[in-house]
Amino acid sequence: GYALRLQERILPQALKKAGYVTGHFGKWHLNAISGQGVPILEEDSHNPSAFGFDEWLSVSNYFDRDPILGREGKLEAFEGDSSEIVVDEALKFIERKLEGVQPTFTVIWFGTPHSPFVASDEDKAAFGHLDEKSQNHYGELVAMDRSIGALRQGLRDLGIADNTLVWFNSDNGGLNNIEPGTVGGLRGHKKSLYEGGVRVPCIIEWPAEITQARITEYPAVTMDIFPTLAEIVGLPDSAQLQPTDGISIRALFKQEIGNRSQAIHFRHTGRGALIDAGYKLINLDLDEDEYELYDLSNDENERVNLFTTHPEIAQRLVKKLKVWNEGVAARVAGKDYPE
């Protein structure tokens, strides 16, 4: 329900200064409008233009079939699945900019899968044995998968796939009311800080640089995207406000890089968590000293609470989490901004 602060320094702004043309397609959700998505309007003070996007076709929150979107603030109606629409529009944007030999930074934020879940009859046909909500949930995924295939093929057709980095990940864990379950046996779900709520898939494709396909268990987080792309493009340190939650995982594209040097933190509605050196601390109430500790390397389902049996590790992580929370509070109060 909060808007992104205008004082933030974010990736599209930095890449614009480095000569990239920037485009946003799909869910925006950074302008303090919650509830079902509505088109982003030109007069919105927190529209994508305010944060460095040259072109955008955006909606405030979740959206599904036959959406009405805002193209640089002007209403535009579409027919079809939302995932396929935003990918098609993103490819048109990339192709237009190729004519001017301009490098592009393109953000596609899907609106699916998300309630109220609306899929075409064809896309949900294979899931007739499930309840209606689950049918539509998986039907939306069928369309999204198809759109990602269209994106990858489109980049190949344009002749730029080898030198295009495609970074895919989800924004939160799965849901608790979809059959037969969407978190792979992990504990928790969306809106919880257990692994079912925060562990998400990530796939990175960059044929010119990532020549050997492989799977890594290195712990990474969405906050690593900016530092990683900053290193690849050669952005100055001043492109990011400090302190920064996230590190570059550029070296991981070629080989394993050992233990992570920075903890991964989470906060959600009065709760906090951090992952550090294979252990995960969860604070069930930021106003109370109520904690749980798990060894993710041996207990990814978070069944055995080690908080009382591993006091040295527990207290070290409690201290770290409290220091980080103080930093978050300072940023909320505006103390980390130049103005």
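Reader: What relative accessible area does glutamate 76 have?

Author: This is a predicted model, in which local features need pLDDT of at least 70 and side-chain atom pairs count only at pLDDT 80 or more, while totals for chains, interfaces and linings use all residues. Residues are numbered from 1 along each chain as its sequence is written, and side-chain values use heavy atoms, with hydrogens and water left out. With a 1.4 Å probe and protein chains only, buried means under 20% relative accessible area, exposed means over 50%, and partly exposed is in between. Glutamate 76 is therefore partly exposed, its relative accessible area being 27%.

Reader: Which side chain does glutamate 76 join in a polar contact?

Author: Glutamate 76 sits in strand β4 (residues 74–77); strands (E, at least two residues) and helices (H or I, at least four) are DSSP runs numbered from the N terminus. Contact means heavy atoms within 4.5 Å, and, leaving aside neighbours within four places in sequence, glutamate 76 is in contact with Pro67, Ile68, Leu69 and Arg71. A polar contact is a pair of N or O atoms within 3.5 Å; within protein, one must be able to donate a hydrogen and the other to accept it, and residues adjacent in sequence count only if both atoms are side-chain atoms. At 2.7 Å, the side-chain partner of glutamate 76 is arginine 71.

Reader: What is the reach of helix α2 from its first C-alpha to its last?

Author: Helix α2 has 18 residues. The expected span of a helix is 1.5 Å times one less than its number of residues, and for α2 that comes to 26 Å. Close to this expectation, the reach of α2 in the model is 27 Å.

Reader: Which elements do the buried residues of α2 pack against?

Author: The helix begins with a side-chain oxygen of aspartate 81 within 2.9 Å of the backbone nitrogen of serine 83. Its buried residues include Ile85, Val86, Leu91 and Ile94, and also the charged Glu89 and Lys97; Lys and Arg count as positive and Asp and Glu as negative, while His and the chain ends are not counted. The elements they pack against are β1, β2, β3 (68–71), β5 (104–109) and α4.

Reader: Which element gives the most residues to the largest nonpolar core?

Author: A nonpolar core is a set of buried Ala, Val, Leu, Ile, Met, Phe, Trp, Tyr and Cys residues joined through side-chain atoms within 4.5 Å. The largest one has 21 residues, and Phe25, Leu69 and Leu155 have the most contacts inside it. Two or more residues come from each of β1, β2, α2 and α4. With seven residues, the element that gives the most is α2.

Reader: How many residues does the other core have?

Author: From the first core, leucine 155 is in contact with Leu91, Ile94, Ile160, Ala161, Thr164 and Val166, leaving aside neighbours within four places in sequence. Another core lies apart from that one and includes Ile10, Ala230, Leu235 and Ala239. Its number of residues is 16.

Reader: How many residues apart are glutamate 84 and arginine 146?

Author: A salt bridge is a side-chain nitrogen of Lys or Arg within 4 Å of a carboxyl oxygen of Asp or Glu, and the structure holds 25 of them. In one, the side chains of glutamate 84 and arginine 146 meet at 2.8 Å, N to O. Glutamate 84 is in helix α2 and arginine 146 in helix α4, so this pair links distant parts of the chain, and the separation in residues is 62.

Reader: What relative accessibility does aspartate 224 have?

Author: Aspartate 224 forms a salt bridge with arginine 260 (2.8 Å, N to O). The pair ties together parts that are 36 residues apart in sequence, because aspartate 224 lies in the loop between β7 and α6 and arginine 260 in the loop between α6 and β8. Arginine 260 is buried at 12%. Aspartate 224 counts as buried too, with a relative accessibility of 0%.

Reader: How far away from aspartate 44 is the nearest side chain of opposite charge?

Author: Aspartate 44 is found in the loop between β1 (21–27) and β2 (55–59). A polar atom of its side chain lies 2.8 Å from the backbone nitrogen of histidine 46. Aspartate 44 is buried yet has no salt bridge. The nearest side chain of opposite charge is lysine 74, at a distance of 14 Å.
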